[in-house]
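Work through the exercises below with the sequence and the 3D view open. Try each task before reading its solution.

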Amino acid sequence: MAPVLRPMTGEDWPQAAAIYRQALEEGRSTFQTLCPSWEEWDRGHLPVCRLAAEEAGRLAGWCALSPTSSRECYRGVAEVSIYLDRAFRGRGVGRMLLERLCAQSEEEGIWSLYAAVFAQNQASIRLFRSCGFREIGYRERIARDRFGQWQNTVLLERRSPTP
């Protein structure tokens with residue numbers, strides 16, 4: 001059975017937060033140390049382009065966009081967050097979510113998607129590249145993760161082909 005993609009809502013947050021906590025425990029995809037409340041998460045993400053992948057009533061993954069700047073000139077630039085339940089990884093769910101996110105972002109007038117991925121997270125880097133993102137930079141020892149280890153990040157960007 002393939003997951004169904006649909007808009008993510010506040011009602012999804014308990015399952016989405018559980019997926020996010022998996023990422024926190026693994027320490028390979030976020031510098032955050034705590035899972036935010038729905039209200040905190042909601043304030044930090046754009047109200048558009050919030051997607052959930054659901055299979056048999058279970059959230060398989062989710063993605064959303066955050067503004068990269070409050071300046072008007074950057075209103076079409078957003079940072080991608082994408083997280084998958086470990087039980088659904090390697091099944092194409094991430095690609096489904098990211099492809100739909102790219103299409104929706106263009107419909108919303110977003111011309112540049114950005115991601116900062118831990119260099120050790122090669123599966124995520126491959127996912128972004130498979131969806132048209134290109135490497136635009138590398139930050140060495142940019143910050144310590146929640147375990148106190150220095151992390152490098154790969155910066156990736158996807159520009160909309162529609163001007």
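The exercises that follow use a predicted model.

**Exercise 1. Count the disulfides, and give the nearest cysteine sulfur for Cys35 and for Cys63.**

Step 1. Set the cut-off: two cysteine sulfur atoms must lie within 2.5 Å.
Step 2. Check Cys35. The nearest cysteine sulfur is that of Cys63, 17 Å away, and Cys35 is in no disulfide.
Step 3. Check Cys63. The nearest cysteine sulfur here belongs to Cys49, 8.4 Å away, and Cys63 is in no disulfide either.
Step 4. Give the count: zero disulfides.
Step 5. Add the exposure. Cys35 is partly exposed, because its relative accessibility is 23%. Cys63 has 0%, so it counts as buried.

**Exercise 2. Find where Cys49 and Ala56 sit, and say what is notable about phi in each.**

Step 1. Recall the background: most residues other than glycine have a negative phi.
Step 2. Take Cys49. This residue is in the loop between H2 and strand E2 (51-55). Its phi is positive, about 60 degrees, although Cys49 is not a glycine.
Step 3. Take Ala56. This one lies in the loop between E2 and E3. Its phi is also positive, near 50 degrees.
Step 4. Compare the surroundings. Cys49 is buried, at 6% relative accessibility. Ala56 is exposed, at 68%.

**Exercise 3. Describe helix H3: how far does it reach, and which of its residues are buried?**

Step 1. Check the span. H3 has 15 residues and runs 21 Å from first C-alpha to last, close to the 21 Å expected at 1.5 Å a residue.
Step 2. List the buried residues: Val93, Gly94, Leu97, Leu98, Leu101, Cys102 and Ser105.
Step 3. Place them around the axis. They span an arc of only 160 degrees, so they are on the same side of H3.
Step 4. Relate this to helix geometry. An α-helix has 3.6 residues a turn, so residues three or four places apart point the same way.
Step 5. Look just past the helix. Gly109 has a positive phi of about 85 degrees.

**Exercise 4. Characterise the largest pocket: what is its volume, and what lines it?**

Step 1. State the volume: about 1100 Å³.
Step 2. Count the lining. There are 44 residues, with Ser29, Thr30, Ser81, Ile82 and Tyr83 nearest the centre.
Step 3. Sort the lining by class: 23 nonpolar, 13 polar and eight charged.
Step 4. Trace the contributors. Elements supplying at least two residues each include helix H1 (13-26), strand E3 (58-67) and helix H4 (122-130). E4 gives the largest share, six residues.

Key
Residues numbered from 1 in each chain as written. Predicted model: local features only at pLDDT ≥ 70, side-chain atom pairs only at ≥ 80, totals over all residues. Heavy atoms only, no water. Buried < 20%, exposed > 50% of the residue type's maximum accessible area, 1.4 Å probe, protein only. 1 Å grid on protein atoms, 1.4 Å probe; cavity = no way out; pocket = protein on both sides within 12 Å on 5 of 7 lines; lining within 4 Å. Points joined across faces, edges and corners; volume = space filled by probe spheres on them. Helix = DSSP H or I, 4+ residues; strand = E, 2+ residues; numbered from the N terminus. Nonpolar A, V, L, I, M, F, W, Y, C, P; charged D, E, K, R; others polar. Expected span 1.5 Å × (residues − 1). Arc of directions from axis to C-beta.
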